[in-house]
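Welcome! Please take a look at the sequence and the 3D view below, and then work through the exercises at your own pace.

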Amino acid sequence: MTAGITLEGWGWRHAGRRAWAVRDATLTIEPGERVLLLGSSGAGKSTLIHALAGVLGGADEGEEAGRLTLDGQHPAAQRGRTALVMQDPDSQIVLARVGDDVAFGLENLGVPRDEIGPRVRASLAAVGLDVALDRNTDHLSGGQKQRLVLAGALAMRPDVLLLDEPTANLDSEGTQEVRDAVARVVAERGSTLVVVEHRVETWLPVVDRVVVLAAGGGVVVDGAPDRVFRDHGDTLAELGAWVPGRPTGVTKRTMRPTPAPVLTTSDLTVAYDKRKPVRTGLNVSLPEATSTVVTGPNGAGKTTLALTLAGLLPPVAGSVDAAATLATRKSRHPIDWSSKELLTRIGTVFQEPEHQFVTTTVFDEVAIGLQALKETPAAITARVNELLELLHLARLAKANPFTLSGGEKRRLSVGTVLATRPRVLVLDEPTFGQDRRTWLDMVALVQLQLADGNAVVSVTHDADYIEVLGEHHIVVGR
Amino acid sequence: MSLIAPDVPATRLDRLNPVTRIVLALTLTLPLLLTLDVVSGAVALGLSLSAALIVGYRPGFILRRTWPVLLAAPLASVSMALYGRPSGQVYFEWFLIRVTDGSLMLAAAVFLRVLALGVPSILLFSGIDPTDMADGLAQVWRLPARFVLGTLAGFRLIGEMLADWRMLGLARRARGLGDTGALKRFITMAFALLVLAIRRGSKLATAMESRGFGGPTERTWARPSLVTRRDHAAVAIAVVMAVTAVLSAVVAGTFNFVGTGT
């Protein structure tokens, strides 16, 4: 059986917030419809999808307005009829063994023991995850983990499948695995599907309706995908969605011939823990004033390589050598440089922006590197304001970095590093899960760096990014 | 992450329900707290070591795994030898230090006691699979499923937090804060870790709730956690071992109720 969803002037305000996350949403989703939910960041897409899953919580978690029903009843009263898959599988896998994790929902719903085994196996087969039931869940790849989460959701035989950016952290292979598994299951069972995702292209073959939430409340656009993207392409691009067939408008630079390398490695072995080398025998170089992209499957050691190039992780064997123009008087090896010497030489933007935030305001966050370099207060203020303007963060100068949205955090993390004008910029997945607007900002920032004669190296899976910035390519194999 | 279940060789103890291991550890150690003497300690340690070898532990593994108590036992006994209640012949005296017949006897008793308590406890508690333990605690001992499964799920986050901590440290170096101010650096790392931990934790809680966890329905268990005759036999053997140790002290006349002295 499948279920229909009805919203009548529905809204939700999180406890302690002045603004409504969602308001005045009126919408009917028929049983078996497959809906792509779009909207700018802050339009409340996640809030709505959590409400449909019945996990927003009670009156102490927030205030509810209007009506939201699933076949006439509130979703929170009907656990198990909806199933939710969010981004980042690592924080959704509950148990240490594959079979146990899929069974978790069934046990909670009180399914009799002799039914659980067959349903677990059927769900794993449905998502194409062919591993032993006692396999350690930590030892799966990103795409496998997310399919495991999906199997756990499907085992409950939900009438409505809710997906909140389920592929945001996955490489292209993982993204396709998950999308195909969902497509197969929805086709077989005729379940209702609601999916939130910036990357429209991924889900276009699966959905038959597009709904766009407005940031101020209400639904702005609603209809069949072809028509919506034809008639409202500009509006959607403005909201940050990746409208199919709409070029990014950014072009690749024309390259000057063979620039000299600014960093090279010789027979480099990289690892977090020297007893467990991730990759060995790496001989790569980063040309100056050039954008280098590092690609390869999940778990291949791309991040480890980037952090080693950046002078943060010591080489296990071999070496990273800086060109004479970049080296300090004492050493050519970045790992030997002091933290302060790194600031003007190699800047690193981490995959998780939160890992690199160290102050309590956006302004201080950008200023702190300059303070470490003992620049004058006037020079610091001027540089910080210039960067915040460039990053569209000026109005947030006094906000706490941890409270920003995903796109804002990403932009700030780049700004903090650019402040000290490093000659080499290392970016780890700079465009993961970002909407189109932040994506364009990121690419523009990288191009500015290149124009200033600095080298940029990016670890990335993003095909559009590689298309524009893949001037030099390092492939890290498995 | 091998943090929770590090490499421990398979033994016959694996065939027991994990909660039985807790019972065994308590049975073997609690009676030894009644008396502080050489005989009961020696007998208990001898029996525990024999049992460990019989169930399949290799001597090398026992040594490697129990090193903390192997270190603690001589330390504890040396202080007993130097400061323990004096009696009998005095061998050496300096300030508060008085090495006597009595204090040496006490030192030997403490040495054996620490080993007799520590060795079986460490061996019994190492290598328990947390999932199996959770099954046992919830199904056999009927601890609340919410609490047991919440804890078990939380354990998975420890590995992620260790990775976060490492990244936070690398990021401080990248941000120019790596050279000085270790205390300030630690504080910013601790704060960031807290924020990340809360975020991961609440996300996990949402994921669990979306899969019906904490709902009104009575929970079922896909895998029964069984207590069999084997578990009963193991506990019976442990009782015999403990009683033997204590009785041997009574028979030898060395039984010394803790706190009463000689």
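Here are some exercises, each followed by a worked solution.

This is a predicted model, in which local features need pLDDT of at least 70 and side-chain atom pairs count only at pLDDT 80 or more, while totals for chains, interfaces and linings use all residues. Residues are numbered from 1 along each chain as its sequence is written, and chains are lettered from A and ligands numbered from 1 in the order in which they are written.

**Exercise 1. Find out what confidence the predictor gives chain B and the complex.**

Step 1. Start with pLDDT, the predictor's confidence in each residue, from 0 to 100. Chain B averages 89, and 95% of its residues score at least 70.

Step 2. Now look for a weak stretch: residues 1–5 of chain B have a pLDDT below 50. Beyond near neighbours in sequence, this stretch has 10 contacts in the model; two residues are in contact if their C-beta atoms, placed from the backbone, lie within 7 Å. Where pLDDT is low, the predicted coordinates should not be read in detail.

Step 3. For the complex, the predictor gives an ipTM of 0.87 and a pTM of 0.83.

**Exercise 2. Describe the fold and dimensions of chain B.**

Step 1. Count the elements: chain B has 9 helices and 2 strands. Helices (H or I, at least four residues) and strands (E, at least two) are DSSP runs, numbered from the N terminus.

Step 2. Read their order from the N terminus: α-α-α-α-β-β-α-α-α-α-α.

Step 3. Check the dimensions. The C-alpha atoms of chain B fill a box of roughly 70 × 60 × 35 Å along the principal axes. Its radius of gyration is 24 Å, whereas a compact globule of 262 residues would have one near 18 Å. This radius is taken over C-alpha atoms, and the globule rule is 2.2 Å times the number of residues to the power 0.38.

Step 4. Turn to the domains, whose bounds come from an automatic or database domain assignment. Chain B has domain 1 (12–131 + 228–252) and domain 2 (143–210), with C-alpha centres 38 Å apart.

**Exercise 3. Work out what chain B brings to its contact with chain A.**

Step 1. Count both sides: 42 residues come from chain B and 52 residues from chain A.

Step 2. Locate the elements of chain B that give two or more residues: these are α7 (145–174) and α8 (182–210). The most come from α7(B), with 13 residues.

Step 3. Sort the chain B side by residue type, which gives 17 nonpolar, 11 polar and 14 charged. Here Ala, Val, Leu, Ile, Met, Phe, Trp, Tyr, Cys and Pro count as nonpolar, Asp, Glu, Lys and Arg as charged, and the others, Gly among them, as polar.

**Exercise 4. Trace the domains of chain A and the partners of its strand β1.**

Step 1. Chain A is assigned domain 1 (5–238) and domain 2 (261–475). Their C-alpha centres lie 34 Å apart.

Step 2. Where they meet, 14 residues of domain 1 of chain A are in contact with 12 residues of domain 2 of chain A. Helix α5 (residues 172–189) of chain A supplies the largest share of the domain 1 side, 3 residues.

Step 3. Strand β1 (residues 5–14) of chain A pairs with strand β4 (residues 62–70) of chain A in the antiparallel sense over 8 bridges; strands pair if DSSP finds at least two bridges between them. L7(A) stands opposite L68(A) in β4(A).

Step 4. β1(A) also pairs with strand β2 (residues 22–29) of chain A, antiparallel over 5 bridges. In β2(A), V22(A) is the bridge partner of W12(A).
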